[in-house]
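Student: Could you take me through one part of this structure slowly and closely, starting with a single helix and its neighbours and then turning to the aromatic rings?

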Amino acid sequence: MNNEKRAEMLIEKYGFDFDSIPKHEIISLINEEIDNYQYGNSSEYIRLLCGYLYCIGDKSDIDLIKKAKYNINMDVGCMIDIEWIESLKNGGIEDTEHYVRQRDEIIADFLEYYSDFQVDDED
């Protein structure tokens with residue numbers, strides 16, 4: 001199954017109520033994906049997982065998001081937003097000097113991107 005379809009299924013399973021998404025499951029899935037990443041595949045699934053962790057997370061999650069961003073490959077690194085890491089570091093406040101928007105704005109963009117996420121089933 002491709003990573004876009006896996007992302008779509010994850011959205012169907014968890015939705016976007018970040019208070020009800022089990023953080024420990026997201027952490028486990030990220031670690032599993034880091035350990036078993038298939039090169040040449042899309043990075044959509046790991047990006048979604050890291051986005052979920054950002055949306056439900058806190059400073060304690062920075063290292064795992066950084067590990068996913070920097071330890072798999074350049075394609076994955078480009079997909080995982082550095083702004084998520086910087087926002088967790090600074091407590092979600094706007095930092096124009098470092099191009100970090102307020103946490104609410106970042107989450108709104110995440111929701112906009114994934115709220116209608118669907119995969120063409122022809123693949």
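Tutor: What follows is a close look at one helix and its partners, and then at the aromatic rings.

Please keep in mind from the start that this is a predicted model. We begin with helix 4, which covers residues 62-71 and in which Ile-62, Leu-64, Ile-65, Ala-68 and Lys-69 are buried. The elements that these buried residues pack against are helix 2 (23-36), helix 3 (44-56), helix 5 (74-79) and helix 6 (82-89). Two of these neighbours, helix 2 and helix 3, deserve a closer description.

Two packed helices are described by the angle between their axes and the distance between the axes. For helix 3 and helix 4, the angle is about 160° and the axes are 10 Å apart. Because angles over 145 degrees count as roughly antiparallel, helix 3 is roughly antiparallel to helix 4. Their crossing is left-handed. As for the residues that meet there, helix 3 brings Ile-46, Cys-50, Leu-53 and Tyr-54, while helix 4 brings Leu-64, Ile-65 and Ala-68.

With helix 2 the arrangement is as follows: the axes of helix 2 and helix 4 cross at roughly 25° and come within 10 Å. Since angles under 35 degrees count as roughly parallel, helix 2 and helix 4 are described as roughly parallel to each other. The crossing of helix 2 and helix 4 is again left-handed. Here Ile-27, Ile-30, Asn-31 and Ile-34 of helix 2 meet Leu-64, Lys-67 and Ala-68 of helix 4. If you compare the residue lists, you will find Leu-64 and Ala-68 of helix 4 named both in the contact with helix 3 and in the contact with helix 2.

Now let us turn to the aromatic rings. A pair of such rings is described by the distance of the centres and the angle of the planes. Across the whole structure, a search finds 13 aromatic pairs. One of them joins Tyr-14 and Tyr-52, whose ring centres are 6.1 Å apart and whose planes make an angle of 85°, an edge-to-face arrangement. Because Tyr-14 lies in helix 1 (residues 3-14) and Tyr-52 in helix 3, this pair ties together parts that are 38 residues apart in sequence. Tyr-14 has a relative accessibility of 10% and therefore counts as buried, and Tyr-52, at 0%, counts as buried too.

A second pair is made by Tyr-113 and Phe-117, with ring centres 6.4 Å apart and planes at 35°, so that this pair is tilted. Tyr-113 counts as partly exposed at 43% relative accessibility, whereas Phe-117, at 16%, counts as buried. The four rings just described also belong to one aromatic cluster, which is formed by Tyr-14, Phe-16, Phe-18, Tyr-52, Tyr-54, Trp-84, Phe-110, Tyr-113, Tyr-114 and Phe-117. Tyr-54, which we met in helix 3 where it faces helix 4, is thus listed in this cluster as well.

Charged side chains also lie over rings in this model: Arg-47 lies over the face of Tyr-113, at 5.0 Å from the ring centre, and Arg-6 lies over the face of Tyr-45, at 3.7 Å from the ring centre.

Finally, consider Lys-5, which lies in helix 1 and is partly exposed, with a relative accessible area of 24%. The C-alpha atoms of Lys-5 and Asp-120 are separated by 8.6 Å, although these two residues are 115 residues apart along the chain.

Terms used
Residues are numbered from 1 along each chain as its sequence is written. This is a predicted model: local features need pLDDT of at least 70, side-chain atom pairs count only at pLDDT 80 or more; totals for chains, interfaces and linings use all residues. Side-chain values use heavy atoms; hydrogens and water are left out. Buried means under 20% relative accessible area, exposed over 50%, partly exposed in between (1.4 Å probe, protein chains only). Helices (H or I, at least four residues) and strands (E, at least two) are DSSP runs, numbered from the N terminus. Contact means heavy atoms within 4.5 Å. Rings of Phe, Tyr and Trp (its six-membered ring) pair if their centres lie within 6.5 Å; planes under 30 degrees apart count as stacked, over 60 as edge-to-face and the rest as tilted. A charge sits over a ring if NZ of Lys or CZ of Arg is within 6 Å of the ring centre and within 35 degrees of the ring normal. Axes are lines fitted to C-alpha atoms, for helices over the stretch in contact, and angles run from 0 to 180 degrees between N-to-C directions. Angles under 35 degrees count as roughly parallel, over 145 as roughly antiparallel, 65 to 115 as roughly perpendicular and the rest as oblique. A crossing is left-handed if the near helix is turned anticlockwise from the far one by less than a right angle, and right-handed if clockwise.
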